[in-house]
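Trainee: I am new to this structure and would like a close look at a single part of it. Please take the sheet and describe it strand by strand, along with what surrounds it.

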Amino acid sequence: MKQLQTKYALEHTLPYDHYVNPEVFEKEKKQIFQNSWILAGHTSQVEKPGDFFTFDIADQPLIISRDKNNELSAMYNICPHRGSIVEKSECGNKKVFTCTYHGWTFHNNGKLNRAPNFGTNELGIHGCLTQVRLEVFQSMIFINLNPDAGPMAETYGEFMASLEKYTFLNSLKKIRTTQRVIDANWKAVVDNYLECDHCKIAHPEFAKTFDMKNYHIDLHDNFSCQYSELTNKSNEEQDEHANFYWVWPNLMVSIYPGKEGNMTTSQILPLAPDKSLAIYSYYFKTDEISEEQEELIRFVDQVRLEDFDLVELLQKGFHTNAFKQGVYSPTEYAIKYFHELYESAINSR
């Protein structure tokens, strides 16, 4: 585990140009988002053969589906004939996917079913949807657009091991999802998540709920973990506290153990240099949400709304000529770690 340095020297953040420059943004899509393990969804979205959902990352449209053999597949949502989008629905259940341009159809695993004006065997693999690397971890579905990428465990082994203690995770279902377009660069959203210096000012309810004097942010290989004790905790909550994980590059996972363990995830997807799509999902054991769980959702949503205002104000500042870059405070070491991972990835090729 990485520790905060005891001796502090003033250091500068990433240049603000990196939050507004279209050329930098295009490089990020290729170097980071098309080359990393990215959360796409959850197995509860594809429980039955024929179930599917679509997912876009860094301008690349995908289909994740379960075939008749109960196997999961991820593939580009692009017809090999002329490059048209195949599946236009966000989710559903189908026996075949149909390209409405020329009527090509594909099985749930991406293999060609029928191609008018061609013999099926004539096309071979050139008639199939292009496959994408897929792994399932704790019922979360991850994809990687790099066909040569190593397994998740090579990059996220420590994170995966840290979640083994939550034996309830595989019993959860995705119950609710909300989306919001944020007028801010994806890195600004991550930066904001990785420090809590702003919490007392911007999140009064959060600051009253958690012990801000003993708020911890621990750094690990390719992820961080934030936690603190509740200010007014019951006997049931004495031994277990919530953990707020950030996982490189764009995923936040919050796990609440308690008597009814649950989880939330936040995916921050890049849309433009100054726009991001935030996908917030809530996972519980049953479809019936209790009053306590509804209160948790309300609490989390309130904190997120407060953060939206902050990062959109940040983005306006990035466009000005006032400063070229910021500085890290002694307690913003998690942001600095994120920026180190970012620079390593963006300069890797």
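Mentor: What follows goes through the open sheet, its strands, one residue in it, and then some aromatic rings and a helix pair. The model is predicted, and side-chain atom pairs count only at pLDDT 80 or more.

Start with the order of the strands. The open sheet has seven strands, arranged as β12-β18-β17-β16-β15-β14-β13, and their pairing is antiparallel. At the edges stand β12 (173-182) and β13 (216-220); each has a single partner strand, so one side of each is left without a neighbour in the sheet. From one strand to the next, the twist averages 15°. A helix also packs on this sheet: α3 (residues 152-162) touches β13, β14 (223-227) and β15 (243-247). The direction of α3 makes about 165° with that of β15.

Now go along the sheet from the β12 edge. Nine bridges pair β12 with β18 in the antiparallel sense. Within this pairing, V181 is found opposite L277 in β18. L277 in β18 also has L269 standing opposite. How much of β18 is buried? Of its ten residues, nine are buried, so β18 is largely enclosed by the rest of the structure.

The next strand in the order is β17, which covers residues 262-272. Strands β17 and β18 (residues 275-284) run antiparallel and are joined by nine bridges. In sequence, a hairpin of two residues leads from β17 to β18. One facing pair here is I268 and A278, the latter in β18. Strand β17 is mostly covered, with ten of its eleven residues buried.

On the other side of β17 in the strand order comes β16. Strand β16 (residues 251-256) runs antiparallel to β17, and six bridges join the two. Y256 faces N262 in β17. This pair of strands is a hairpin too, with five residues between β16 and β17. In that turn, G258 has a positive phi of about 55°.

One residue of β16 can be followed further. L251 lies in this strand. With a relative accessibility of 3%, L251 counts as buried, because the cut-off for buried is under 20%. Which residues does L251 touch, leaving aside those up to four places away in sequence? The contacts of L251 are L39, F142, Y245, W246, T265, S266 and Q267. As for F53, this residue is 198 residues from L251 in sequence, and the two C-alpha atoms are 19 Å apart in space.

W246, one of the residues that L251 touches, leads on to the aromatic rings. W246 belongs to one aromatic cluster together with F33, W186, W248, F338 and Y342. Across the whole structure, a search finds 17 aromatic pairs. Among them is the pair of Y166 and F168, which is edge-to-face, with 5.9 Å from centre to centre and 65° between the planes. Y166 has a relative accessibility of 5% and counts as buried, and F168 is buried as well, at 12%. Another pair is Y280 with F308: the ring centres are 6.1 Å apart and the planes are at 40°, so this pair is tilted. Y280 sits in strand β18 and F308 in helix α7 (residues 291-318), so the pair links distant parts of the chain, 28 residues apart. Both Y280 and F308 are buried.

The aromatic cluster, which includes Y342, points to a helix contact as well. Y342 is one of the residues of helix α8 that meet helix α1. On the α8 side the contact has Y342, A345 and I346, and on the α1 side V24, K27, E28, Q31 and I32. By class, this contact of α1 with α8 consists of five nonpolar, one polar and two charged residues. How do the two helices lie, roughly parallel or roughly perpendicular? The axes of α1 (residues 22-33) and α8 (residues 333-346) come within 9 Å and cross at roughly 85°. Angles of 65 to 115 degrees count as roughly perpendicular, and α1 and α8 are therefore roughly perpendicular to each other.

Key:
Residues are numbered from 1 along each chain as its sequence is written. This is a predicted model: local features need pLDDT of at least 70, side-chain atom pairs count only at pLDDT 80 or more; totals for chains, interfaces and linings use all residues. Side-chain values use heavy atoms; hydrogens and water are left out. Axes are lines fitted to C-alpha atoms, for helices over the stretch in contact, and angles run from 0 to 180 degrees between N-to-C directions. Helices (H or I, at least four residues) and strands (E, at least two) are DSSP runs, numbered from the N terminus. Angles under 35 degrees count as roughly parallel, over 145 as roughly antiparallel, 65 to 115 as roughly perpendicular and the rest as oblique. Contact means heavy atoms within 4.5 Å. Ala, Val, Leu, Ile, Met, Phe, Trp, Tyr, Cys and Pro count as nonpolar, Asp, Glu, Lys and Arg as charged, and the others, Gly among them, as polar. Buried means under 20% relative accessible area, exposed over 50%, partly exposed in between (1.4 Å probe, protein chains only). Two strands pair if DSSP finds at least two bridges between them. Rings of Phe, Tyr and Trp (its six-membered ring) pair if their centres lie within 6.5 Å; planes under 30 degrees apart count as stacked, over 60 as edge-to-face and the rest as tilted.
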